[in-house]
Amino acid sequence: ANTTMVSILIPTYNQSRYLLQAVESALNQDYAHLEVIVCDDASSDWDQGLLKTFVADPRLRIHRNPHNLGRVKNYRQCLYELAKLDWVLVLDGDDFLLDHAYVSKAMEIAASDPDIALVFSNAVRLYEDKGGIIVPCHENKDLPQVMAGPDLFLKLADTKMISLFHNTAIYKKEKAVNLDFYRRDIISSDWESLHRYILTGKVAFLNTNASVWRINQASATQNISAQDRGSNLQ
């Protein structure tokens, strides 16, 4: 039996209207060896009763920062201080998982080859400002199920048709910490980290829509200033 343990981390800030769906989708995963950690970054809209349906679930932990750390520092805290288990999936508080067997499938393929250090899949985009329209994933056609990380890295550089979706990436906690994940406080801190990470091992791709990426006016990627763009490029 595969007893690899997985932490689903849900960093959140002022996303109470979406948080329930994120937590529910994480706890609905059919994988047995799971913890789900909500890390609230001192939200002003925090609702004590919101997650009451789930508080009795021993897999769920809720951590609230006494002061706002900011998005990337909250990611770091989730990964470095709160995640207790071997593998990690970071699900933003306004996203949610679609495939309830995704973690099981990911851990099954990871168990088939010890060199696989990351598993990812497709995400669909939900456009909040266009009436909640869901746009299917157009990327990642014809990817092999297992590939050398540097091969994927070169494909990412070469074509717009590949996306390494952060909210589907399941990676090894210890390795990510050693690589100083989320080291830069920039918009693409997640991609910067994942792109460095895949250079160091094999990557598996599961051809499923594992999650929903919610895009709205509050999304970091939608509110990028010229200064932020400059930092991002560096």
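Which residues are buried in helix 3? In this predicted model, they are Y102, V103, A106, M107, I109 and A110. These six sit on the same side of helix 3, because they cover an arc of only 165 degrees around its axis. Swing round to the other side of helix 3 and you'll find E108 and A111, which are exposed. The spacing has a simple background: an α-helix has 3.6 residues a turn, so residues three or four places apart point the same way.

Now look at what the helix packs into. The largest nonpolar core has 33 residues, and I8, I10, V23, M107 and V119 have the most contacts inside it. Several elements supply at least two residues each, including strand 1 (6–12), helix 1, strand 2 (34–40) and strand 10 (202–215). Helix 3 gives the largest share of this core, with six residues. Apart from this core there's another one, of 30 residues, with Y75, A83, L118 and Y197 among them.

Back in the largest core, V23 is a good residue to click on. You'll find V23 in helix 1 (residues 16–27). V23 has 0% relative accessibility, so it counts as buried. Leaving aside neighbours within four places in sequence, V23 is in contact with I10, V38, L51, F54 and L60. Measure across to L91 and the C-alpha atoms of the pair are 9.2 Å apart, though 68 residues separate them in sequence.

L91 turns up again around I8. With neighbours within four places in sequence set aside, the contacts of I8 include L91, along with A26, L34, V36, L89 and V103. That last partner brings us back to helix 3, where V103 is one of the buried residues.

Definitions and conventions:
Residues are numbered from 1 along each chain as its sequence is written. This is a predicted model: local features need pLDDT of at least 70, side-chain atom pairs count only at pLDDT 80 or more; totals for chains, interfaces and linings use all residues. Side-chain values use heavy atoms; hydrogens and water are left out. Helices (H or I, at least four residues) and strands (E, at least two) are DSSP runs, numbered from the N terminus. Buried means under 20% relative accessible area, exposed over 50%, partly exposed in between (1.4 Å probe, protein chains only). Contact means heavy atoms within 4.5 Å. A nonpolar core is a set of buried Ala, Val, Leu, Ile, Met, Phe, Trp, Tyr and Cys residues joined through side-chain atoms within 4.5 Å. The arc is that of the directions from the helix axis to the C-beta atoms.
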